[in-house]
Amino acid sequence: MATRNAEAYAAANKTYEWGFSSDIEQEFAPKGLSEDTVRFISAKKGEPQWMLDWRLKAFALWQTMEAPDWSKLNVPPIDYQDAYYYAEPKAKPKLGSLDEVDPEILRVYEKLGIPIGEQKMLAGVVEDPLNEDGTPKRRVAVDAVFDSVSVATTFRKELEAAGVIFRSISEAIKEYPDLVRKWLGKVVPQRDNYFATLNSAVFSDGTFVYIPEGVRCPMELSTYFRINAENTGQFERTLIVADKGSYVSYLEGCTAPMRDENQLHAAVVELVVLDDAEIKYSTVQNWYPGDENGVGGIYNFVTKRALCQGKNSKVSWTQVETGSAITWKYPSCVLLGDGSVGEFYSVAVTNNRQQADTGTKMIHLGKNTRSTIVSKGISAGRSDNTYRGLVRVAPTAEGVRNFTQCDSLLLGDQCGAHTVPYIEVRNPSAQIEHEATTSKISEDQLFYAMSRGLDQEAAVALIVNGFAREVLQQLPMEFAVEAQKLLGISLEGSVG
Amino acid sequence: MLKIENLHAEIDGKEILKGLSLEVNAGEVHAIMGPNGAGKSTLGYVLGGRPGYEVTAGSVTFDGVDLLELEAHERAAAGVFLGFQYPVEIPGVSNVQFLREALNAQRATRDEKPLSGGEFLKLARGQADLLGMDYDMLKRPVNVGFSGGEKKRNEMVQMGIVNPKFAILDETDSGLDIDALRVVGDGINRIMRAPDKAVLLITHYQRLLDYVEPDFVHVLADGKIVRSGGKDLAKQLESEGYVGIAA
């Protein structure tokens, strides 16, 4: 047993497969964080006064706050003055064809596995929208956040025809100030938590989506995030508003290059859902997790929250989390509208020295609100994986139902899996169910699969994908395939 | 085809196989019988390459290749199939997905082209038909919620799909009713009775041997083969028990 563990650890030394770095000239904000930094960012983006004021207010708040320490995470002290808060690729003329896109950027997209078709879309190359047999091609609109600035937004015209607004948030601040002002910070207030407040002060870019009343967004919206500058914190800000009776599916995928310095990522995602509307938000997160000793990985401290404001509104969060050295993330739903529905489907994989403290909060305020939580945690190496979830039922919320299922899978005997459910029910009509299991990947399963011809890594990937299937099948097709591969890659050599 | 010489193997420091020798030629069916704890399943696991079983002495060659040097999946690709006494459940993974990945992994190791989804499904359905297994079972997660008999039938469908050169079948008859026993027996004969193939049947009872007639019967006791003979030996065991024969 001991020998095999040693072999497993040796194999787990495998380097980060998608660790690469590209070389694009940056225009940096001065190093460090001060009011001047906030002003620099705002000026650089040509923001209106109200936006600058909002940022400054957040910055003043942040200076009075302290980093939270209630999670199960061991976070080394972060020197906020030893980082850059703004960088953008050098300005390029308007993108007309693939040739005009910086070849470095294209190379990065290629490594990220962005299909050539989508690369073309980035450059606005118009193709026949139909397949050879006359059926419409499956389409995904991509707003690429390369480093901190949106390089290109595609499919804009077709979305505009449907009335859908899909912009980088910087553009939206200028083009749709009333809409942004109405909702920014309404779901995640500026003072919400240390990292959200920091984000409010220094957010670099992000995405804004508005789906008008009664519109079903004609395509899935997708943003590829990528951190690409040495020592550059990434502070994305996403705001999606689904007006009455509308629907949108939004995909977010991340991967980052190898780094020696720790990189802080503190994003904020706000979703607003009005009557009878639905947002499906899917994430595949694969940021650099650090080396086998945990050195150099991303710190991912994200605040994601949805406000189901309207009657019968619905939000579904699906996440596949395989990256980052430290993950601190609780995509949540405030179920305010009567009959609103919140869902959370999560697969979190930790290997080597990774730490994840992730889960959700379902806040039931409206009558007959329902929520479903399915969490699959997979721990390997010497990692720690915690599910932390809150189900709260307010006194006014009659007829609430919640179902929670938390399953943990352990690979090897030096990792940890923890389940921390908080249940606060203040209305006796609520029905709350909680199921939890912890299991080890069994030698029987491994040997059975291997005796049929699969090598050890393929066998582990197969078993783990089976374990996570309920969550993976919630993902849109192209993401599901990517996510399955990712689970296998993340766990290579981790069996002991 | 298979040559085992003076095989010693242990698990957790306890010696189970204590100098076992056996030679199986192409075209032959050998039955290994013996009392509980004799080392029958250990023999299957050692031949299949299960981690944790340590060979301390002796050799095993398969078609002239040192089998003990190969990992479990390499043995599968070389044509060795191990039918499990207790087939394992893999939740969330469909039978079809499992077998297609496994077969294509074997084919990749042998530098053969992978089968497409359509080609594989045709193959799988053909085998399911021959073994009287419902197509629905192909779509269900591997062995999850299968009855004992269904699991064994599934093992035979798997064997039919991978079409091995050499099969080690560990207690394939346990948990089968008389009809299932016949189906499984027919399956073994159909898939494995060929001049270029061979079978090692590990069994407690003689009843499977009514359907799959062995060319040789060996009695395994305390980690060694203590007696070998023709199919009549199995009948003799059935009537006299192991005690007299092994002694």
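## Strand pairing in chain B

In this predicted model, K3(B) finds its bridge partner in β2(B), namely E23(B). That pair belongs to an antiparallel arrangement in which strand β1 (residues 2-11) of chain B and strand β2 (residues 14-24) of chain B are joined over 8 bridges. The two strands make a hairpin with 2 residues between them. If you look at the turn, you will find D12(B) there with a positive phi of about 50°.

β1(B) has another partner to look at: strand β4 (residues 53-62) of chain B runs antiparallel to β1(B), and 8 bridges join the two. Here E5(B) is a handy place to start, with S59(B) as its bridge partner in β4(B). As a general reminder, side chains in a regular strand alternate between the two faces of the sheet.

## Helix α2 of chain A

Moving over to chain A, helix α2 covers residues 35-44, and its buried residues are T37(A), V38(A), I41(A) and S42(A). Seen down the axis of α2(A), these buried residues fall within an arc of 130°, so they line one face of the helix. The general geometry helps here: an α-helix has 3.6 residues a turn, so residues three or four places apart point the same way.

What lies over that buried face? The cover includes α3 (49-62) and α9 (194-202) of chain A. On the other side of α2(A), D36(A) and A43(A) are exposed. After the helix comes G46(A), which has a positive phi near 60°.

## A buried leucine in a loop

L475(A) sits in the loop between α12 (469-472) and α13 (477-490) of chain A. Is this loop residue buried or exposed? L475(A) counts as buried because it has 23 C-beta neighbours inside 10 Å, and the cut-off for burial is 20 or more.

Leaving aside residues up to four places away in sequence, L475(A) touches S282(A), T318(A), A480(A) and A483(A). For a sense of distance, you can also compare L475(A) with L411(A): they are 64 residues apart in sequence, and their C-alpha atoms are 24 Å apart in space.

## An annotated stretch of chain A

UniProt, in an unreviewed entry, lists residues 160-216 of chain A as "domain: SUF system FeS cluster assembly SufBD N-terminal". Over residues 160-216 of chain A, the model is 44% helix and 19% strand. The end C-alpha atoms of this stretch are 13 Å apart.

Notes. Residues are numbered from 1 along each chain as its sequence is written. Chains are lettered from A and ligands numbered from 1 in the order in which they are written. This is a predicted model: local features need pLDDT of at least 70, side-chain atom pairs count only at pLDDT 80 or more; totals for chains, interfaces and linings use all residues. Two strands pair if DSSP finds at least two bridges between them. Helices (H or I, at least four residues) and strands (E, at least two) are DSSP runs, numbered from the N terminus. UniProt positions are given in the numbering used here, feature names are shortened, and annotations may be inferred rather than shown by experiment. A residue is buried if 20 or more other C-beta atoms lie within 10 Å of its own, exposed if 12 or fewer, and partly exposed in between; C-beta atoms are placed from the backbone. Two residues are in contact if their C-beta atoms, placed from the backbone, lie within 7 Å. The arc is that of the directions from the helix axis to the C-beta atoms.
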